[in-house]
Structures are given as C-alpha cells and as structure tokens.
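Subject: Structure handover

Hello,

Please find the structure below, ahead of the notes on what was found in it. The notes take one loop to begin with and then turn to the ligand.

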Amino acid sequence: MILVTQPFLPPLDEYQNYLNSIWTKKWLTNMGPLANELEDSLKNYLNIHNLLFVTNGTVALQMAIKALDLKGEIITTPFSFIATTSTIVWEGCTPVFVDIDKHTLNIDATKIEAAITKNTSAILATHVYGNPCDVVLIEEIAKKHHLKVIYDGAHAFAVTINGKSIFEYGDITTCSLHATKLYHSVEGGFITTQNTELHHKLQYIRNFGIAGYDSFAELGINGKNSELHAAMGLTNLKYINQIIEKRRELTKRYDDNLKTLKAVRPLWHHQSANNGAYYVLIFETEALLLKVVEHLNKNNIGTRRYFYPSLAKALPYLQPIEMPITEDIAKRVLCLPMYYDLSFEEVDLICRLMLRVQNN
Ligand SMILES: *Cc1c(COP(=O)(O)O)cnc(C)c1O
C-alpha cells in the first residue's frame with residue numbers, strides 16, 4: 001500500500017532526548033523552554049523577525065482575523081483547504097470568493113478589485129501548494145482600498161520570493177505544522193507578522209488575553225502549544241533540508257517519467273522554487289483523472305483530489321455560487337503520493353501504471 005502521504009518520523013532516540021529534558025524540568029506547556037527554543041530556531045531558519053508557535057493552522061487563522069479586528073466581508077479563494085473559508089465564517093465575517101488563475105491555481109489578483117465593496121475589510125489568500133500568490137499586486141490593491149491582507153501559508157514552509165521569506169508578506173501569514181505537512185510538530189502552527197505591535201497583540205490573544213498576574217489586555221483564546229509538540233518540531237527541524245531535497249528529487253522523478261501524460265503542472269511563481277510540499281497534476285479531462293485514480297486504487301496506491309470540490313459550492317452554511325475556473329480545475333486536479341520515505345522505485349511504478357491507463 002502506498003498512501004498519498006506519510007508523516008516524517010525522526011529517529012526515536014533524538015525525540016527521546018527532548019522527552020528526558022521535559023521530564024527533568026517538569027514543564028509541559030504554557031510557553032515552555034522548548035516552545036521558546038522552537039520559535040527561535042524557526043525564526044532563524046526562516047530568516048524572519050516575529051513568530052508565534054500556536055495550537056494549529058486553523059487557530060492561527062482565527063487569531064489573525066481577530067487580531068486585525070476584521071468585520072464584514074473578506075475576499076478569499078474557493079480553491080484551498082476548508083479551514084481557509086470556515087475560519088472566516090467562524091469569526092463572524094462573510095467570505096467573498098474570487099475565482100482563481102487557471103495556471104497558478106492561486107486567487108486571480110486581477111479580479112479582486114471588482115469584488116471589493118464598502119463592507120470589505122481584508123483579503124485572505126492561500127499560497128496554494130506553496131506556490132506564492134501575486135503578492136505585489138495584492139499589496140497594491142490592499143493599500144489603495146485600505147484592506148488588510150492575511151496569507152494562509154499552510155503549504156508554504158521554507159518558501160521564498162527572490163530570497164525573501166514568504167512569511168514576510170501581508171499583515172499576517174499563518175502556517176500549519178500538522179503531521180501531513182512538509183514540516184510538522186504532530187499538531188501545530190505558527191503566526192508571523194512584520195508589525196511588532198500586532199505581534200504583541202497576538203501574544204496576548206494566544207494566552208487568553210492575559211497581560212499580567214491580575215490583568216487582561218485583550219479578548220483572547222487558548223492558542224498555546226505544548227512542550228511535547230515543540231520537541232517534535234525541534235527534532236524534525238534538524239532534517240528539514242534533507243526532507244525538502246528528497247521531495248525535490250521525487251518531484252523531478254515524476255516530471256521526467258510523466259512527460260507524455262496528458263496533464264500539466266501548476267505554473268510556478270518565477271522568483272520562487274517549489275518546496276515539494278505536494279505533487280500536483282491538472283489532467284486534460286476529468287474522465288482521464290477518474291480512470292487514473294481507479295487504476296491506482298486497484299493497485300493499492302492512494303491519491304487525493306486536493307482541492308475538490310470547490311469551497312464556493314460545497315459548504316452547507318454558504319449560498320453556493322458559480323466560480324467557473326475553480327470548478328473546472330477542481331474536477332481535474334490530483335495529488336500523487338509525496339513524502340520523505342517514498343522511494344524512486346515506487347514513483348516509477350506509479351508513473352508506469354498511470355501511463356498504461358492513458359494509453360489503453
Ligand atoms: C492544513 C491546512 C490548514 C489547517 O491547518 P491545521 O494545522 O490542520 O489546523 C489551513 N489551511 C490550509 C491551506 C491547509 O492546508
């Protein structure tokens with residue numbers, strides 16, 4: 001059985017060393033020494049100034065919306081994981097979908113202005129599969145219309161644009177460190193912002209709004225993460241370059257093998273490199289995709305229709321609306337197995353099976 005993804009697990013003894021230190025210090029959560037060390041290590045690795053380790057990528061988005069005091073309408077993409085939209089609704093705001101670009105699969109920034117109304121407070125865009133959005137145009141539009149910008153960077157760990165971290169764009173960027181992501185702490189996430197004042201506000205929000213022994217600064221939530229999760233993050237961080245390197249090699253292997261497949265890959269931002277978070281194909285037709293999925297399943301190989309269906313249509317708590325490009329792409333997009341322990345031989349097998357279906 002080859003699953004579509006499998007979490008990276010570091011050597012157990014290295015994790016055990018961190019556990020020993022936790023047992024010695026008897027400090028399990030509430031911004032402990034390992035959580036602080038992880039924040040410092042991540043800031044250093046990503047080359048950014050502010051970072052808060054939090055419960056998960058979903059709470060990170062909720063905290064971002066709350067910290068920016070967003071109200072009314074938030075412009076967003078219908079082509080993302082459910083949490084990008086559900087957090088907007090959860091925070092009492094209204095998601096306003098803008099269709100995606102059919103090549104990059106990110107929100108089509110040229111269509112954002114037409115969706116702005118007097119009730120719009122922000123743009124929440126996802127760097128889909130780690131492929132950077134058109135951050136320059138989005139910033140221009142946001143400045144002109146006095147909108148805040150949040151990026152859902154759940155897929156974009158270690159991504160840069162022209163050498164600058166993707167986490168330094170927009171007012172706030174969030175990331176998920178869930179076990180299925182490129183880099184993980186089992187469950188977890190983080191929030192980054194360039195704005196020091198906002199960073200302090202988020203710090204309060206993460207800890208119930210508590211300011212001191214007997215005072216409160218903000219409306220807050222429990223957004224903290226534990227020492228055991230921080231320990232996993234610290235252990236895995238030692239392997240991150242190796243993980244990305246392997247995923248890039250696997251990506252190249254797929255690319256080389258699948259040259260004759262009737263499918264294309266998303267168009268990547270020209271100043272950025274693919275971090276290998278996902279291997280994504282857009283098939284010529286949904287019929288071919290379904291044939292491929294069926295044949296791979298029969299051979300015990302997992303795939304994911306990530307992201308299908310369109311969030312603009314599938315949610316029982318939102319009025320369904322037509323987003324033609326998202327609709328079309330969502331039907332034809334497929335993620336193939338991609339993880340650190342996947343072997344080149346397994347990639348070759350997957351590719352042979354796919355080409356056989358197409359040529360039958
Ligand atoms: C995984 C993911 C999230 C949610 O992150 P969790 O850590 O699982 O809460 C949010 N947005 C996107 C785009 C994701 O892929």
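**The loop and the ligand site**

Gly 302 sits in the loop between α9 (286-298) and α10 (311-314); helices (H or I, at least four residues) and strands (E, at least two) are DSSP runs, numbered from the N terminus. The model is predicted, with local features needing pLDDT of at least 70 and side-chain atom pairs counting only at pLDDT 80 or more, while totals for chains, interfaces and linings use all residues. Residues are numbered from 1 along each chain as its sequence is written, and side-chain values use heavy atoms, with hydrogens and water left out.

Gly 302 has a relative accessible area of 13% and is therefore buried (buried is under 20%, exposed over 50%, partly exposed in between, with a 1.4 Å probe and protein chains only). Its C-alpha is 6.0 Å from that of Ile 2, although the two are 300 residues apart in sequence.

The loop between α9 and α10 also holds Asn 300, where phi is positive at about 60 degrees although the residue is not a glycine. Asn 300 is partly exposed, at 43% relative accessible area. Phe 307 is in that loop too, and the peptide bond from Tyr 306 to Phe 307 is cis, with omega near 15 degrees. Another cis bond joins Tyr 308 and Pro 309, with omega about 0 degrees. Most residues other than glycine have a negative phi, and most peptide bonds are trans.

Outside that loop, Asp 69 lies between α3 and β2 (73-76) and has a positive phi near 60 degrees. Asp 69 is exposed, with a relative accessible area of 52%.

Which residues are closest to the ligand? They are Thr 58, Asp 152, His 155, Ser 176 and Lys 181, out of 16 that surround the ligand (a heavy atom within 4 Å). By class, the shell has 4 nonpolar, 10 polar and 2 charged residues (Ala, Val, Leu, Ile, Met, Phe, Trp, Tyr, Cys and Pro count as nonpolar, Asp, Glu, Lys and Arg as charged, the others, Gly among them, as polar).

Oxygen atoms of the ligand are 2.6 Å from a side-chain N or O atom of Thr 58 and 2.7 Å from one of Ser 176. A polar side-chain atom of Tyr 306 lies 3.4 Å from a ligand oxygen. Taken alone the ligand exposes 380 Å², of which the protein buries 93% (Shrake-Rupley method, 1.4 Å probe). The elements giving two or more residues to the shell are α3 (57-67) and α4 (82-90).

Regards

Methods
Polar contact = N/O pair within 3.5 Å; in protein donor to acceptor, adjacent residues only side chain to side chain.
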